[in-house]
Amino acid sequence: MDDDFKPVRRRLLKALGITLPVSTAVFADAQRPSAPAAAQAAAPTPAPDAAEHVSLFFNADERAAVDAIVARLIPADELGPGAKEAGVTTFLDRQLAGMFGQGANFYRHGPFQQGTPEQGYQLALTPAECYRLGLAGLDRVCASRYGGRRFAQLDAATQDAVLREAEAGKLDLGAVPSAVFFQALLDGAIEGFFSDPVYGGNRNMVGWKLVGFPGAMASFANDIERHNVPYTRPPVSIATAHAHAMPPPQSQVQAQPVAFVALAGNAVCRSQPATNGGGE
């Protein structure tokens, strides 16, 4: 990280831009809202549903810490809501309470050794254990340094300083290396910010709207022949996607029944229905 965490959004967009096609510029221009739409987009993000306040994994202190962390990793700014407003904490809560949190698809047999950065996560801990121990260690360090205050109770500048230490591997979180924990938090924040809203994050598809992603469109068949025309449709979630209206074929050939009749000597003849109502 540089001086603070605000450049993360720009850094993320820059990384995404490397892989986007050249036509993205046209697409993004088409996504620019008109005056009435811009006024609507500037309105505050609607409050989350009551169901999102029911934690499946995080306790109250952990949820407050994750809210504060993701708010610094992807903060709200003039481009739109940040990770906290997008419901990333709810996304992580649901993921950690499920198969991902249990490390169901991880190879979890030893020996466990420190790997290279290219090898990714190498701990014996499940993701749920990593988050639980890491969050507890983070609050413990903050309480010892800042008069009993947890991470979520610190001002933004101090939170940024603590996260920079964690990213550099200089924070003692006990069983969890702070650099590994920070990377897990950053990965989770990005995934939750750009996931389908059906999983709890990317509320109101703010992440998709930010980068001009169309979402879970079932088909682009209706747009195949629209060359050099901006794509202006709003993004679609899995929960709200619907089938395209496809016109039926101009002519349909009705299948005619065919009968197979066994004859003497194991011979088989095929009988086609006669047009005059009779048969062979």
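These legends accompany an overall view and several close-up views of a predicted model.

**Figure 1. Overall make-up of the predicted protein model, with its nine helices and two strands**. Followed along the sequence, the elements come in the pattern α-α-α-α-α-α-α-α-α-β-β. The protein has 280 residues, of which 33% count as buried. When contacts with a separation of 6 or more are considered, 62% of them in the protein are accounted for by residues 24 or more positions apart.

**Figure 2. Close-up of the packing between helix H4 and helix H7**. Helix H4 spans residues 60-73 and helix H7 spans residues 156-167, and the two pack at an angle of about 85 degrees, with their axes 10 Å apart. Because angles of 65 to 115 degrees count as roughly perpendicular, H4 and H7 are described here as roughly perpendicular to each other. On the H4 side the meeting residues are Ala68, Ile69 and Arg72, while H7 contributes Ala156, Gln159, Asp160 and Leu163. Sorted by class, this contact of H4 with H7 comprises four nonpolar residues, one polar residue and two charged residues.

**Figure 3. Close-up of the aromatic pair formed by phenylalanine 100 and phenylalanine 106**. The structure holds six aromatic pairs. In the pair shown here, phenylalanine 100 and phenylalanine 106 are arranged edge-to-face, with 6.4 Å from centre to centre and 80 degrees between the planes. Phenylalanine 100 has a relative accessible area of 40% and is therefore classed as partly exposed, and phenylalanine 106, with a relative accessible area of 35%, is likewise partly exposed.

**Figure 4. Close-up of the aromatic pair formed by tryptophan 208 and phenylalanine 213**. The two rings are edge-to-face, at 5.3 Å centre to centre and with 70 degrees between the planes. Tryptophan 208 has a relative accessibility of 5%, so this residue counts as buried, whereas phenylalanine 213, at 41% relative accessibility, counts as partly exposed. The assignment rests on a cut-off, because buried means under 20% relative accessible area and exposed means over 50%, with partly exposed in between.

**Figure 5. Close-up of arginine 132 over the face of phenylalanine 57**. In this view of the predicted model, arginine 132 is placed over the ring face of phenylalanine 57, at 4.0 Å from the ring centre.

Methods
Residues are numbered from 1 along each chain as its sequence is written. This is a predicted model: local features need pLDDT of at least 70, side-chain atom pairs count only at pLDDT 80 or more; totals for chains, interfaces and linings use all residues. Side-chain values use heavy atoms; hydrogens and water are left out. Axes are lines fitted to C-alpha atoms, for helices over the stretch in contact, and angles run from 0 to 180 degrees between N-to-C directions. Helices (H or I, at least four residues) and strands (E, at least two) are DSSP runs, numbered from the N terminus. Angles under 35 degrees count as roughly parallel, over 145 as roughly antiparallel, 65 to 115 as roughly perpendicular and the rest as oblique. Contact means heavy atoms within 4.5 Å. Ala, Val, Leu, Ile, Met, Phe, Trp, Tyr, Cys and Pro count as nonpolar, Asp, Glu, Lys and Arg as charged, and the others, Gly among them, as polar. Rings of Phe, Tyr and Trp (its six-membered ring) pair if their centres lie within 6.5 Å; planes under 30 degrees apart count as stacked, over 60 as edge-to-face and the rest as tilted. Buried means under 20% relative accessible area, exposed over 50%, partly exposed in between (1.4 Å probe, protein chains only). A charge sits over a ring if NZ of Lys or CZ of Arg is within 6 Å of the ring centre and within 35 degrees of the ring normal.
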